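Visitor: Could you take me on a close look at one part of this model, the part where the cysteines come together? I'd be glad if you then placed it within the rest of the fold.

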Amino acid sequence: MSLATDLRNTLRDKLQQRRVQMLADLRDESISDEGTLAVRSHRGETDDEAVVESMDAVEIASTARDATELAAIDNALQRLDTPDFGICIDCGADIEPARLLAESTVLRCTACQQRFEHQHHTPGGARL
């Protein structure tokens with residue numbers, strides 16, 4: 001089944017808004033005061049090297065997560081006007097509109113996503 005035009009437009013708007021937010025977040029996380037690309041460091045905030053390393057690792061992980069989400073958004077925007085958008089990549093069934101509205105970058109229907117996560121033990125919890 002093809003997605004209705006109004007749903008497609010709603011999804012496009014949501015994706016574009018989220019993309020703007022992700023770009024701003026990445027800019028804030030990875031551009032130094034001098035305008036160069038850099039991940040924020042917490043050196044100088046504490047004398048405890050282990051704490052600094054932990055805080056820096058969180059910054060790096062956050063930036064990587066945001067970059068991954070931005071790539072998923074760009075991928076979804078590219079697929080949005082294709083006949084395959086909204087079709088599960090595993091079983092070929094329609095992905096529920098409510099699911100697409102909740103997370104517009106999904107590639108699988110709920111059942112296949114649950115199966116995928118169970119088989120792959122997705123780190124960081126459920127990603128339905």
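Guide: Happily; let's begin with Cys-112, which is buried, its relative accessible area being 3%. Here buried stands for a relative accessible area under 20%, exposed for over 50%, and partly exposed for what lies in between, with a 1.4 Å probe and protein chains only. Before going further, please keep in mind that this is a predicted model, where local features need pLDDT of at least 70 and side-chain atom pairs count only at pLDDT 80 or more, while totals for chains, interfaces and linings use all residues. Residues are numbered from 1 along each chain as its sequence is written, and side-chain values use heavy atoms, with hydrogens and water left out.

Now to the sulfurs. The closest cysteine sulfur to that of Cys-112 belongs to Cys-109, and at 3.6 Å it is too far for a bond. A disulfide is counted when two cysteine sulfur atoms lie within 2.5 Å, and the structure holds 0 of them. Cys-91 is likewise in no disulfide, and its nearest cysteine sulfur, 3.7 Å away, is that of Cys-112. Unlike buried Cys-112, Cys-91 is partly exposed, at a relative accessible area of 45%.

These cysteines sit in a stretch that has a record of its own. An unreviewed UniProt entry lists residues 88-112 as "zinc finger region: dksA C4-type"; positions follow the numbering used here, feature names are shortened, and such annotations may be inferred rather than shown by experiment. In the model, the end C-alpha atoms of this span lie 8 Å apart, and 36% of the span is helix, with 0% strand. Helices are DSSP runs of H or I with at least four residues, strands are runs of E with at least two, and both are numbered from the N terminus.

Pro-97 belongs to helix α3, residues 97-102, and is partly exposed at 39% relative accessible area. Its C-alpha atom is 7.9 Å from that of Leu-7, although the two residues are 90 apart along the chain. Leu-7 is one of the buried residues of α1, together with Leu-11, Leu-15 and Met-22, among others. The buried residues of α1 pack against α2 and α3, where contact means heavy atoms within 4.5 Å.

The largest nonpolar core has 17 residues, and those touching the most other members are Leu-3, Leu-11, Phe-85, Cys-88, Ile-95 and Leu-100. Such a core is a set of buried Ala, Val, Leu, Ile, Met, Phe, Trp, Tyr and Cys residues joined through side-chain atoms within 4.5 Å. Both α1 and α2 supply at least two of its residues, and α1 gives the largest share, 5 residues.

Let's step back to the two helices just named. For the 26 residues of α1, 1.5 Å a residue predicts a span of 38 Å, and the end C-alpha atoms are 37 Å apart, which agrees; the expected span is 1.5 Å times one less than the number of residues. Helix α2, residues 49-79, has 31 residues and should span 45 Å, in agreement with the 45 Å between its end C-alpha atoms. The buried residues of α2 include Val-52, Leu-70 and Ile-73, but also Asp-56, Glu-59 and Asp-66, and they pack against α1, residues 5-30.

Finally, the whole protein: there are 4 helices and 0 strands, and of its 128 residues, 29% count as buried.
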